[in-house]
Amino acid sequence: MADRGPGGAYNKLVVVLGDLNSPASQDGYQVLTGHRYINAYTPTQVPIAQTTPITFLDSRHALFRRSSTDIISSIPFSNSLVLGAPFGEHSTYTGFSTSSRPTLIDYILLADNGVIQRDECDSAPWRVAKYGVIPNHFEDGVWVSDHRMVVVTLRRS
């Protein structure tokens with residue numbers, strides 16, 4: 001049971017991030033997220049029983065997506081650019097070669113403890129405003145890392 005006392009994690013912004021060495025289909029990721037994400041590419045969630053300990057939301061699935069009525073008309077719009085959509089690559093691990101098999105093993109997870117908005121009707125104090133994966137290999141041939149950097153912008157609601 002989650003500690004709901006003043007020293008516990010309930011109603012506090014808690015962020016866990018890094019290289020989990022676990023694709024979304026494996027146990028490491030599934031245990032942390034409470035088995036809520038059925039498919040790594042689809043933000044479909046499985047309901048979690050309220051009696052379980054605090055689990056984590058994956059920030060790429062918790063991204064606060066704006067409706068089309070929120071899009072400012074002066075911003076050029078195409079199907080490839082949607083406000084509130086993730087930006088950059090999907091995979092985060094690439095190795096130091098273009099021939100390596102890219103995988104998704106780096107995450108920014110947010111405690112599912114009442115602090116992060118899940119939808120437009122949710123009154124939680126924080127929301128994921130942006131999610132993206134930044135390149136690790138540039139035109140000059142330099143590899144910054146064997147992982148791409150994951151970035152998230154959190155905003156107060």
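A salt bridge is a side-chain nitrogen of Lys or Arg within 4 Å of a carboxyl oxygen of Asp or Glu. Keep that in mind as we walk through this structure, which is a predicted model. A search of the whole structure turns up four salt bridges, and they make good signposts for a tour.

Let us begin with the pair formed by R148 and E89, whose side chains meet in a salt bridge at 4.0 Å from N to O. R148 lies in the loop between β7 and β8, while E89 lies in the loop between β5 and β6, so the pair ties together parts that are 59 residues apart in sequence. The two partners also have their own surroundings: R148 is buried, with a relative accessible area of 16%, whereas E89 counts as partly exposed at 45%.

The strands beside these loops bring us to a sheet. Here three strands form an open sheet in the order β5-β7-β8, with mixed pairing. Its edge strands are β5 (87-88) and β8 (149-156), each of which pairs on one side only. Between β7 and β8 the pairing is antiparallel and runs over eight bridges. If you would like a spot to look at, find I134, which stands opposite M149 in β8.

Next, turn to the nonpolar interior. The largest nonpolar core has 20 residues, and those with the most contacts inside it are Y29, Y107, I116 and V128. Strands β4, β6 and β7 each supply at least two residues of this core, and β6 gives the most, with five residues. Y107 is a good residue to follow from here. Beyond its neighbours up to four places away in sequence, Y107 touches a list of residues including V16, L17, L20, P23, Y29, D58 and R60.

Two names on that list, D58 and R60, belong to another charged pair. D58 sits in strand β4 (residues 56-58), and R60 forms a salt bridge with D58 in which the closest N and O atoms are 2.9 Å apart. Are these two residues buried or exposed? R60 counts as buried at 5% relative accessibility, and D58 counts as buried at 1%. The side chain of D58 also makes a polar contact of 2.7 Å with the side chain of Y29, one of the core residues with the most contacts. Leaving aside residues within four places in sequence, D58 is in contact with Y29, Y37, Y107, I108 and L109.

Our last stop is D112, found in the loop between β6 (106-111) and β7 (126-134). Side chains of opposite charge can pair when their charged atoms come close. Which residues are linked with D112 in a network of salt bridges? The network joins R36, D112 and R118. Within it, the side chains of D112 and R118 meet at 2.2 Å, N to O, and R118 is partly exposed, with a relative accessible area of 43%. On the other side of the network, a polar contact of 2.6 Å joins the side chains of D112 and R36. Setting aside neighbours within four places in sequence, D112 is in contact with R36, I54, T55, F56, L57 and R118.

Technical notes
Residues are numbered from 1 along each chain as its sequence is written. This is a predicted model: local features need pLDDT of at least 70, side-chain atom pairs count only at pLDDT 80 or more; totals for chains, interfaces and linings use all residues. Side-chain values use heavy atoms; hydrogens and water are left out. Helices (H or I, at least four residues) and strands (E, at least two) are DSSP runs, numbered from the N terminus. A polar contact is a pair of N or O atoms within 3.5 Å; within protein, one must be able to donate a hydrogen and the other to accept it, and residues adjacent in sequence count only if both atoms are side-chain atoms. Contact means heavy atoms within 4.5 Å. Buried means under 20% relative accessible area, exposed over 50%, partly exposed in between (1.4 Å probe, protein chains only). Two strands pair if DSSP finds at least two bridges between them. A nonpolar core is a set of buried Ala, Val, Leu, Ile, Met, Phe, Trp, Tyr and Cys residues joined through side-chain atoms within 4.5 Å.
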